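Here is a friendly walk through one protein model, from its packed interior to a strand and then to a pocket. Keep the structure open beside you as you read.

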Amino acid sequence: MIIEKTQKTIVQSHDFDSVNCTIDAEDMRYVASLLRNNYSNTRLAVIREISANALDANTEANSKRKIEIVLPSNMNPTFSVRDFGGGLSQEDVFGLYSKYGKSTKRESNNYIGAFGIGKFAPLSYGDNFTCVSYHGGKKTSYNIFVDEHDDTKIVKLHEEKSSEPTGLSIEVAVAESDISAFREDTAKFFRFFSDEEMPKFLGVEDNFIEKKEFALSSKNNEWFFLQDDSYHYGYGSSHIIMGRVAYPLDPQSILVENFIKDDSRKLEIIRNLLKQSNFYLRLPLGAVKLHHSREALEYNKSTQKTLVEALVKTCEEVQAIAKEKLANSEDLWEAMRNYARIVNSMPHQMRSIFENSFTWNGLQINSSSFYRGHQDHEDCIITQTDRESDKDARDGFRVRSQKTSRVHCQDNSLFLIQDIESSHGNNLRARTLFAEDSELETIFFIYPKTNAIKQRILYDDWCFDMIDEKHIRYTSQVEKQKPLRSGVRKSNGSRADIQLFEMRDKDYIYRNADYWKSVDEDISKLQGKKKSDGLVDGKFIYVPIKNYKIDIEGDAIDLDIMQKRMLFIRQHAEENSQEKSFRLFGVRSGDVSKLDSDSWVSITDFFVQFAKNYLKQNLNQAKKAYKVRLVNDDGKKHEIMNLQYDIGKIFNSASLRLTEHFDNNHILCHVHDDIKSIVHNNASSVCVKLVNYLSSNHKDWLQFNLDSGFTAKQFYKDINSIKTKYPMLKYACKSVNTYGSNDKETNEDIINYIKDCDRI
């Protein structure tokens, strides 16, 4: 990377004595220490610096072979990068490589590095690292370390003949606690590299580098927003990409107002851009100056100017995109509707950027709604009326109205301006319009009480004259639908005379009364029937209700849970059984005494019997679920979590298959099924729910029917025995892939370790 050079002329009035500033050799250790330890993220420094040097070496040698990176693992906790450049002779290593600040890349922008200190970045992470040079038909290993005097030393370790391609391999030992972090930081660092420059990663899955998806990008890919739906509180930080490396920007260090003085909208957009953590801006190598640690930019005036100029160009392109997206709108209503579609499809971080960018026919669009201020709430009344599906209501829907302060430009909606004095009958007018148009969902009644209010709000403020007439109607032009009188309810809407109700099975119910539909027959007519829809073993199922709410003594269950329980039974009942189509009747608590026990059974007793029958029919899964319950009742859930992170994964590995390598009497096989059902939870979720339900009042039944001799105490004893007998197993488990296949060598190592412990 080119470091900008400037020539300076110093004018002296006298011929004073002068001297060049230097560093004594014995003091170099202090400077070297400062240079080694100037990284805030030492893991990322190792990844970035030695990978950048490897890429530069490949570029210099015009190598067609990709650099190779080995990521640390539990079996091999080493991070290494191998390039296929020219390698280094011993003279180069002891001469060029050993010098802090020595670099051959400062005269070209073809290289990432320039400062000559990145090669020592591994010493910021640990006290030493290994450099292996393939050069001149030899493979030579060097240890680079910091000695007890804080001096940096290079020691030749080994040399042998080699036919491997030339190049360097830098190998850094990684702490066990950092293995996962190294892999994550590597994946993030290389996410913006092109396919041509992407390294070859050895020993990792194919999708190790997550494929980036753009939410929005420029046509030439000079800037882009990553698809990221996560919301970040507070200020974020955008990035620049220079030399394939992403650098975060500090919004507080870029004084945008110094470069933009006459465009407040553009100024605000750029400030918002700088805060977007998913925004990336590409710049050529050397476009801005980096701190010598190469972790951040140096925010001098030149750097700020370059950034702002690039952001101004981005801002103009963003505004052009926003304008283009609304250009084809036929009227103001559609422009505002299209605005909502676009903005709602964006990640949260992007929305603030476009807030002031959308225009249509000279109007700035920043909302999909027209808002009426609170000061006008008595002079301009807005009522939102919605269609709600109800198969028992007239025409299959009912109407719900509520006062509001906004009208929304949304699909399947209509503005209805009230041009008559009374709003009486507006719901019936809404019913007329809903019946005429099956796709219409919402009507906004707008009632400006005076012509002056109508002119000021609807036309001066809202520009209704720019809305096509197909979106606006007038109440004087809409007939009221004639009401029908229902014989089921009283004229005041009461259902007080109805004895029986049936629970509905639809979702999105708001009022308690709406969970129930009226039953024409009363209790006396219904009971005694031996052939009727909804019977189970000759009985109807009922639940006591009061004020339309469940009224079971000692059981605080609400309507939503009861509805889900009813659907649960139907879903898991046997095909063609009576349970599959039973009806749940609601009986007023005062009428429960009228029920004949030969014709009726409570939902509580019915569900208990259903649970017992289901568990008996699925006995193996039921016993697994009972084991889970016994362990949960033991109150040691923290030990279950510890087990899951320790050795639990080997019992659920798709490829390890312990039971194929050891006989049934082996302790690992002995607890295999217990661990899989308890730790990895492969017991049927239905059985688990039913066992949990019965555990409160039917423990004796569970023990008698599902007991297999398993006890939580013995389970924990067996687990501790395994941990004691195979102490290194928990470390080996960190290399086990629970949901996929391990490499063959990992499986063999684990099996051989267990067998070795058995022999000892």
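## Cores, a covered strand and a pocket

This is a predicted model. Its largest nonpolar core has 98 residues, and the ones touching the most other members are Phe79, Phe370, Phe415 and Phe464. Helix α7, residues 301-326, gives the largest share of this core, with 10 residues. A second, separate core holds 42 residues, among them Ile498, Leu559, Ile569 and Tyr614. As background, nonpolar side chains tend to be buried together in soluble globular proteins.

Phe370 is a good residue to click on. Not counting residues up to four places away in sequence, Phe370 touches Leu332, Met336, Ser405, Arg406, Val407, Cys409, Phe415, Trp462, Phe464 and Ile467. Two of those names, Phe415 and Phe464, also appear with Phe370 in the list of core residues that touch the most other members.

Next, find strand β12, which spans residues 279-283. How many of its five residues are buried? Four of them are, so to speak, under cover: the strand is mostly covered. Two strands that pair with β12 are set out below.

| Strand | Residues | Sense of pairing with β12 | Bridges | A partner pair |
|---|---|---|---|---|
| β9 | 223-226 | antiparallel | three | Phe225 with Phe279 |
| β10 | 239-242 | parallel | four | Met242 with Leu283 |

Strand β10 also contains His239. Is His239 buried or exposed? His239 counts as buried because its relative accessibility is 15%, and the cut-off for buried is under 20%. Leaving aside neighbours within four places in sequence, His239 is in contact with Tyr247, Pro248, Leu249, Ser277, Phe279, Tyr280 and Leu281. One of these, Phe279, is the β12 residue that partners Phe225.

Finally, turn to the open space. The second largest pocket contains about 1,000 Å³. Of its 31 lining residues, Ser73, Arg183, Gly203, Lys734 and Ser735 are the closest to the centre. Which elements give two or more residues to this lining? They are α5 (179-189) and α23 (744-759). Helix α5 supplies the largest share, five residues. By residue type, the lining of this pocket divides into 10 nonpolar, 11 polar and 10 charged residues.

To revisit these places in the viewer, start with Phe370 in the largest nonpolar core, move to His239 in strand β10, and end at Arg183, one of the residues closest to the centre of the second largest pocket.

Technical notes:
Residues are numbered from 1 along each chain as its sequence is written. This is a predicted model: local features need pLDDT of at least 70, side-chain atom pairs count only at pLDDT 80 or more; totals for chains, interfaces and linings use all residues. Side-chain values use heavy atoms; hydrogens and water are left out. Buried means under 20% relative accessible area, exposed over 50%, partly exposed in between (1.4 Å probe, protein chains only). Two strands pair if DSSP finds at least two bridges between them. Contact means heavy atoms within 4.5 Å. On a 1 Å grid over the protein atoms alone, a cavity is a set of points where a 1.4 Å probe fits but cannot get out, and a pocket is an open set with protein on both sides within 12 Å along at least five of seven lines; lining residues have an atom within 4 Å of a point. Grid points are joined across faces, edges and corners, and a volume is the space filled by probe spheres set on the points. Ala, Val, Leu, Ile, Met, Phe, Trp, Tyr, Cys and Pro count as nonpolar, Asp, Glu, Lys and Arg as charged, and the others, Gly among them, as polar. A nonpolar core is a set of buried Ala, Val, Leu, Ile, Met, Phe, Trp, Tyr and Cys residues joined through side-chain atoms within 4.5 Å.
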